[in-house]
There are 2 protein chains.
Amino acid sequence: MAVPLYQTKAEFFRTLGHPARIRILELLSERDHAVHELLEQIAIEASNLSQQLAVLRRTSLVVSRREGNAVVYSISAPEVRDLLLSARQILAGLAATRTDFEDELVVPTRPSADR
Amino acid sequence: MAVPLYQTKAEFFRTLGHPARIRILELLSERDHAVHELLEQIAIEASNLSQQLAVLRRTSLVVSRREGNAVVYSISAPEVRDLLLSARQILAGLAATRTDFEDELVVPTRPSADR
DNA sequence: TCACAACATGAAGAATTCTTCACTTCATGT
DNA sequence: ACATGAAGTGAAGAATTCTTCATGTTGTGA
């Protein structure tokens, strides 16, 4: 293998490192979506969405097929679902830690409903 | 929550999206390491390593403590280990897919040992 | 107290990645 | 054949992220 594994891994994570791409993968891990369906859910320009889909296609994380007038995307590695879940858990854990830490350090103020 | 979840997730993955940071996390998921120990394993400049450690610290993925002359780092979320494993599997799957695909399309040539 | 080793940090230029724009392509309906 | 809706693409400037350099801190041992 010419490219070291940790380099490949880094690239993989980098392709996950974009809000639109995360949303796309989350939507696709529920079910296949046509591009115009994704567009309804994600608030970005059509051509930007195309660019992000291209990134995901390049890394083989998704595949597309044409269905008449529409192009339908699907996830190629179902394990991505687990990965996203796993990430959510870690994130929840870290958030909790940070909150605890604040609880310890921050001067207590009147509890506020919206923060 | 002011910041949407998928934004936070994207940031999380982006902090994983760097070869040095991946290696650091892999080393730390084996056991705690002092900075100079990490430096032995990873071929980057000391100050670069510090910068990457700072990135990981900012996102609370690692924590550091001083032990005499040295600073020792450890992983704060053990689940990171699973995540890295999970990524490795997906990557292996994708690589296999791509290889299969090549097997189908590419004109077979004499097998070569070094590619 | 000095000197040195181990780390950290701010700043700046280099390198990447994002977003948008102007087009192009492809399939369908008329 | 033409118009239209759906999607993709190359290019370019804006925005981020990397790497390195110079300098600053903090312990330890002489």
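The legends below accompany several close-up views of a predicted model with chains A and B.

**View 1. Chain A and the order of its elements.** Chain A holds 5 helices and 3 strands, and, read from the N terminus, these elements follow one another as α-α-β-α-α-β-β-α. Of the 115 residues in chain A, 37% are buried. When contacts within chain A are restricted to residues at least 6 apart in sequence, 48% of them join residues at least 24 apart.

**View 2. The interface between chain A and chain B.** The size of an interface is often given as the accessible area lost when the parts come together. Here chain A and chain B bury about 3,000 Å² between them, and 76% of that area lies on carbon and sulfur atoms. On the side of chain A, the residues that lose the most area to chain B are A:Lys9, A:Phe13 and A:Ile90, which together account for 22% of what that side buries. Counted by residues, the interface brings 33 residues of chain A into contact with 33 residues of chain B.

**View 3. Helix α2 of chain A against helix α1 of chain B.** Two packed helices are described by the angle between their axes and the distance between the axes. Helix α2(A), residues 19–30, packs on α1(B) at an angle of about 110°, and the two axes are 8 Å apart. Because angles of 65 to 115 degrees count as roughly perpendicular, α2(A) is described as roughly perpendicular to α1(B). From α2(A), the residues that make the contact are A:Pro19, A:Ile22, A:Arg23 and A:Glu26, while α1(B) contributes B:Tyr6, B:Gln7, B:Lys9, B:Ala10, B:Phe13 and B:Arg14. Sorted by character, the residues of this contact are 5 nonpolar, 1 polar and 4 charged.

**View 4. A:Glu26 and its surroundings.** A:Glu26 has its place in helix α2 of chain A. Is A:Glu26 buried or exposed? Its relative accessibility is 19%, and A:Glu26 therefore counts as buried, since the cut-off for a buried residue is under 20%. When neighbours within four places in sequence are left aside, A:Glu26 is in contact with A:Leu84 and A:Arg88 of chain A and with B:Lys9 of chain B.

**View 5. Helix α1 of chain A against helix α2 of chain B.** The axes of α1(A), residues 5–16, and α2(B) cross at roughly 110° and come within 8 Å, an arrangement that makes α1(A) roughly perpendicular to α2(B). In this contact, A:Tyr6, A:Gln7, A:Lys9, A:Ala10, A:Phe13 and A:Arg14 of α1(A) meet B:Pro19, B:Ile22, B:Arg23 and B:Glu26 of α2(B). The residues involved divide into 5 nonpolar, 1 polar and 4 charged.

**View 6. The lengths and buried residues of two helices in chain B.** Helix α1(B) has 12 residues, 5–16, which at 1.5 Å a residue should span 16 Å, and the 17 Å between its end C-alpha atoms agrees with this. The buried residues of α1(B) include B:Lys9, B:Ala10, B:Phe12, B:Phe13, B:Thr15 and B:Leu16. Helix α2(B) likewise has 12 residues, 19–30, with an expected span of 16 Å, and its end C-alpha atoms are 17 Å apart, which agrees. Buried residues in α2(B) include B:Pro19, B:Ala20, B:Arg21, B:Ile22, B:Ile24, B:Leu25, B:Leu27 and B:Leu28.

**View 7. B:Arg31 and B:His33 in chain B.** B:Arg31 lies in the loop between α2 and β1 of chain B and is partly exposed, with a relative accessible area of 44%. Although B:Arg31 and B:Tyr73 are 42 residues apart in sequence, their C-alpha atoms are 9.2 Å apart in space. B:His33, in strand β1 of chain B, is buried, with a relative accessible area of 4%. The C-alpha atom of B:His33 is separated by 9.8 Å from that of B:Ile75, which is 42 residues away along the chain. Beyond its neighbours within four places in sequence, B:His33 is in contact with B:Leu27, B:Leu28, B:Leu38, B:Val71, B:Val72 and B:Tyr73.

**View 8. A serine with positive phi in each chain.** Most residues other than glycine have a negative phi. A:Ser60, in the loop between α4 and β2 of chain A, has a phi near 65°, which is a positive value. At 18% relative accessibility, A:Ser60 counts as buried. In chain B, B:Ser60 is found in the loop between α4 and β2, its phi is near 65°, and with 18% relative accessibility B:Ser60 counts as buried.

Terms used:
Residues are numbered from 1 along each chain as its sequence is written. Chains are lettered from A and ligands numbered from 1 in the order in which they are written. This is a predicted model: local features need pLDDT of at least 70, side-chain atom pairs count only at pLDDT 80 or more; totals for chains, interfaces and linings use all residues. Side-chain values use heavy atoms; hydrogens and water are left out. Helices (H or I, at least four residues) and strands (E, at least two) are DSSP runs, numbered from the N terminus. The expected span of a helix is 1.5 Å times one less than its number of residues. Buried means under 20% relative accessible area, exposed over 50%, partly exposed in between (1.4 Å probe, protein chains only). Axes are lines fitted to C-alpha atoms, for helices over the stretch in contact, and angles run from 0 to 180 degrees between N-to-C directions. Angles under 35 degrees count as roughly parallel, over 145 as roughly antiparallel, 65 to 115 as roughly perpendicular and the rest as oblique. Contact means heavy atoms within 4.5 Å. Ala, Val, Leu, Ile, Met, Phe, Trp, Tyr, Cys and Pro count as nonpolar, Asp, Glu, Lys and Arg as charged, and the others, Gly among them, as polar. Buried area is the accessible area (1.4 Å probe) that two parts lose on being put together, summed over both.
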